[in-house]
Amino acid sequence: MYLQEFKIALIEKNIQKLEKLADVDLQFDTVEEMQEAMCLIKQAEEFFCELKNDTALSMQQLKKNIDFLKATQTPTVNKLDITS
């Protein structure tokens, strides 16, 4: 049951379900089930690493966009101009 739910969550890329399944105490009847679980956990780890990298790239792009927008704004004068 656990392995089936883990496979479905991995295929659906359901982060909340994967986190929930990661907190479950595991008990396996056979060595094959344990090996399969290890493979699925490895795939989940790769999926989370991809998400982490995508998030980092998005954050870098947002920072570049903000810096560009700040550079294109006209500077505001904060002094009291009494000469005009």
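This report describes the fold, the nonpolar core and some local features of a predicted model.

**Overall form and confidence**

The protein contains three helices and zero strands, and its elements run α-α-α from the N terminus on. The average pLDDT of the protein is 90, and 95% of the residues score at least 70. Confidence is lowest in α2, with a mean of 91, and highest in α3, with 95.

The radius of gyration of the protein is 25 Å, whereas a compact globule of 84 residues would have one near 12 Å. Taken along the principal axes, the C-alpha atoms fill a box of roughly 85 × 20 × 15 Å. Of the 84 residues, 13% are buried. Among contacts between residues at least 6 apart in sequence, 62% join residues at least 24 apart.

**The long axis of α3**

The 42 residues of α3 should span 62 Å at 1.5 Å a residue, and the end C-alpha atoms of α3 are 62 Å apart, so the expected and modelled values agree. The buried residues of this helix are A37, L40, A44 and F47. What covers them includes α1 and α2.

**The nonpolar core**

The largest nonpolar core has eleven residues: Y2, L3, F6, A9, L10, L18, L21, A37, L40, A44 and F47. The elements that each give two or more residues to this core are α1, α2 and α3. The largest share, five residues, comes from α1.

The residue ranges of these elements are as follows.

| Element | Residues |
|---|---|
| α1 | 2–12 |
| α2 | 15–22 |
| α3 | 31–72 |

**Helix α1 and its two sides**

Which residues of α1 are buried? They are Y2, L3, F6, A9 and L10. Seen down the axis of α1, these buried residues fall within an arc of 125 degrees, so they line one face of the helix. That set packs against α2 and α3. On the other side of α1, I11 and E12 are exposed.

A9 gives a view of this packing at the level of one residue. Not counting residues up to four places away in sequence, A9 touches N14, K17, L18 and L21. Of these partners, L18 and L21 are also members of the largest nonpolar core, as is A9 itself.

I8 also lies in helix α1. Is I8 buried or partly exposed? I8 has a relative accessible area of 42%, and it counts as partly exposed because this value lies between the 20% limit for buried and the 50% limit for exposed. The C-alpha atoms of I8 and L18 are separated by 9.5 Å, and the two residues are ten apart along the chain.

**The loop between α1 and α2**

K13 has its place in the loop between α1 and α2. Just after α1, this residue takes a positive phi of about 55 degrees. K13 does so although it is not a glycine. Most residues other than glycine have a negative phi.

**Summary of the arrangement**

In short, the buried residues of α1 pack against α2 and α3, and the cover of the buried residues of α3 includes α1 and α2. The core that joins residues of these elements has eleven members, while the protein as a whole has a radius of gyration of 25 Å.

Key: Residues are numbered from 1 along each chain as its sequence is written. This is a predicted model: local features need pLDDT of at least 70, side-chain atom pairs count only at pLDDT 80 or more; totals for chains, interfaces and linings use all residues. Side-chain values use heavy atoms; hydrogens and water are left out. A nonpolar core is a set of buried Ala, Val, Leu, Ile, Met, Phe, Trp, Tyr and Cys residues joined through side-chain atoms within 4.5 Å. Buried means under 20% relative accessible area, exposed over 50%, partly exposed in between (1.4 Å probe, protein chains only). Helices (H or I, at least four residues) and strands (E, at least two) are DSSP runs, numbered from the N terminus. Contact means heavy atoms within 4.5 Å. The expected span of a helix is 1.5 Å times one less than its number of residues. pLDDT is the predictor's confidence in each residue, from 0 to 100. The arc is that of the directions from the helix axis to the C-beta atoms. The radius of gyration is taken over C-alpha atoms; the globule rule is 2.2 Å times the number of residues to the power 0.38.
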